[in-house]
Amino acid sequence: MAPVGIRDVRKRFGTTEVIHGVSIDIADGEFVVLVGPSGCGKSTLLRMIAGLEEITSGEITINGRVVNNVPPKQRDIAMVFQNYALYPHMKVFENMSFSLRLAKVDQATIRRKVEEAAKILNLTEYLDRYPRQLSGGQRQRVAMGRAIVRDPQVFLFDEPLSNLDAKLRVAMRTEIKELHQRLKSTSIYVTHDQIEAMTMADHIVVMRDGIVEQIGAPLELYDNPVNTFVAGFIGSPAMNFVNGRVESEGGRPVVRLAGGIALPLPPSVTVGEGTAVTYGTRPEHLRLAGDGDGLEAEVVVVEPTGAETLVVTRVAGQELLASFKERHALRPGQTIRLMPDLSCIHLFDAGNGRRLSA
């Protein structure tokens with residue numbers, strides 16, 4: 001396998017720049033996920049690594065070799081697409097061996113590599129079937145097998161699970177993670193689904209509008225987002241945000257909302273009084289409080305999911321979502337009190353959204 005280096009890479013379509021000087025270092029054997037909303041540039045960046053899009057400026061290296069002007073077939077990469085891209089008239093064995101046959105590899109080697117890949121992916125009994133005779137998950141495994149037999153330096157995945165139903169997506173992301181752990185291959189995976197990113201990645205690259213907002217391990221991004229965009233994108237359900245100003249109440253710092261309600265802050269917060277801030281707290285870090293404690297909140301919607309109950313509440317005209325593992329008998333219109341976990345509070349600048357304090 002091989003490390004991948006991306007140095008100040010830019011991409012323009014005509015006069016419109018869609019990738020703005022992206023730099024990422026991907027270590028040998030690492031599983032890196034590019035995540036962000038539609039149109040953020042993650043698939044374009046992946047296609048530039050693959051050689052399917054030209055680079056306007058900057059440099060991409062694979063195993064130390066600059067590949068800016070190297071054709072895709074000479075980059076020693078394998079790509080798994082969203083739409084499987086299987087040949088419908090070929091059986092599974094023929095689909096998986098196609099690239100090897102093009103490269104005129106001998107038949108014994110082809111059979112050995114295909115059978116090894118099929119065993120890894122639990123496809124052995126399907127080698128004599130056509131794609132139309134397979135389920136969506138099985139077709140995706142065939143597409144992955146076609147990549148594995150090439151033994152590439154780098155695997156590239158372009159939203160490979162988007163066409164699958166929810167249950168199959170969960171199963172397939174586990175299979176892809178297990179496959180990576182077995183092969184120890186350098187892998188770059190594009191998705192808009194932050195749950196896929198959190199569960200699969202060694203490191204996540206969060207992108208927005210052609211720039212990298214933050215790079216880090218999944219829990220690092222979850223616990224220490226650099227701005228409100230990352231804080232709101234990583235985590236499901238998303239983080240709650242309310243705007244206010246830092247004040248002192250009884251010698252302790254608070255965030256005062258427009259309705260006069262005060263949200264507590266840890267005593268260690270050093271943000272100056274009068275600073276306009278965005279106060280962030282995750283739904284799972286809100287708990288029910290007793291009379292006289294916490295914030296008075298009106299229950300708007302109750303959403304039981306089984307493992308947890310999501311409760312949409314309204315506090316001073318702003319919505320807060322709470323998530324409870326316990327089974328509370330709550331109903332719309334009821335008044336409850338919520339207390340945030342002060343060890344898990346996030347403060348951001350209300351103007352630019354940058355992180356101020358934790």
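**Aromatic rings in this structure**

Phe31, Phe155, Phe157 and Tyr189 come together as one aromatic cluster. Keep in mind that this is a predicted model. With that said, the cluster is a good place to begin a walk through the rings.

Across the whole structure, a search turns up seven aromatic pairs. Take Tyr87 and Phe98 to begin with: their ring centres are 4.8 Å apart and their planes meet at 55°, so this pair is tilted. A tilted pair is one whose planes are neither under 30 degrees apart nor over 60. The two partners come from distant parts of the chain, 11 residues apart. Tyr87 sits in the loop between β6 (77-80) and α2 (92-102), while Phe98 belongs to helix α2. Tyr87 has a relative accessible area of 31%, so this residue is partly exposed. Phe98, at 22% relative accessibility, counts as partly exposed too.

Now return to two members of the cluster. Phe157 and Tyr189 also make a tilted pair, with 5.7 Å from centre to centre and 35° between the planes. Phe157 is in strand β7 (residues 154-158) and Tyr189 is in strand β8 (residues 186-191), so their pairing ties together parts of the chain that are 32 residues apart in sequence. If you look for these two residues in the model, you will find that both Phe157 and Tyr189 are buried.

Lysines meet rings here as well. Phe31, another member of the cluster, has Lys177 over its face, 5.6 Å from the ring centre. Elsewhere to look, Lys11 lies over the face of Phe13, at 4.9 Å from the ring centre.

Definitions and conventions:
Residues are numbered from 1 along each chain as its sequence is written. This is a predicted model: local features need pLDDT of at least 70, side-chain atom pairs count only at pLDDT 80 or more; totals for chains, interfaces and linings use all residues. Side-chain values use heavy atoms; hydrogens and water are left out. Rings of Phe, Tyr and Trp (its six-membered ring) pair if their centres lie within 6.5 Å; planes under 30 degrees apart count as stacked, over 60 as edge-to-face and the rest as tilted. Helices (H or I, at least four residues) and strands (E, at least two) are DSSP runs, numbered from the N terminus. Buried means under 20% relative accessible area, exposed over 50%, partly exposed in between (1.4 Å probe, protein chains only). A charge sits over a ring if NZ of Lys or CZ of Arg is within 6 Å of the ring centre and within 35 degrees of the ring normal.
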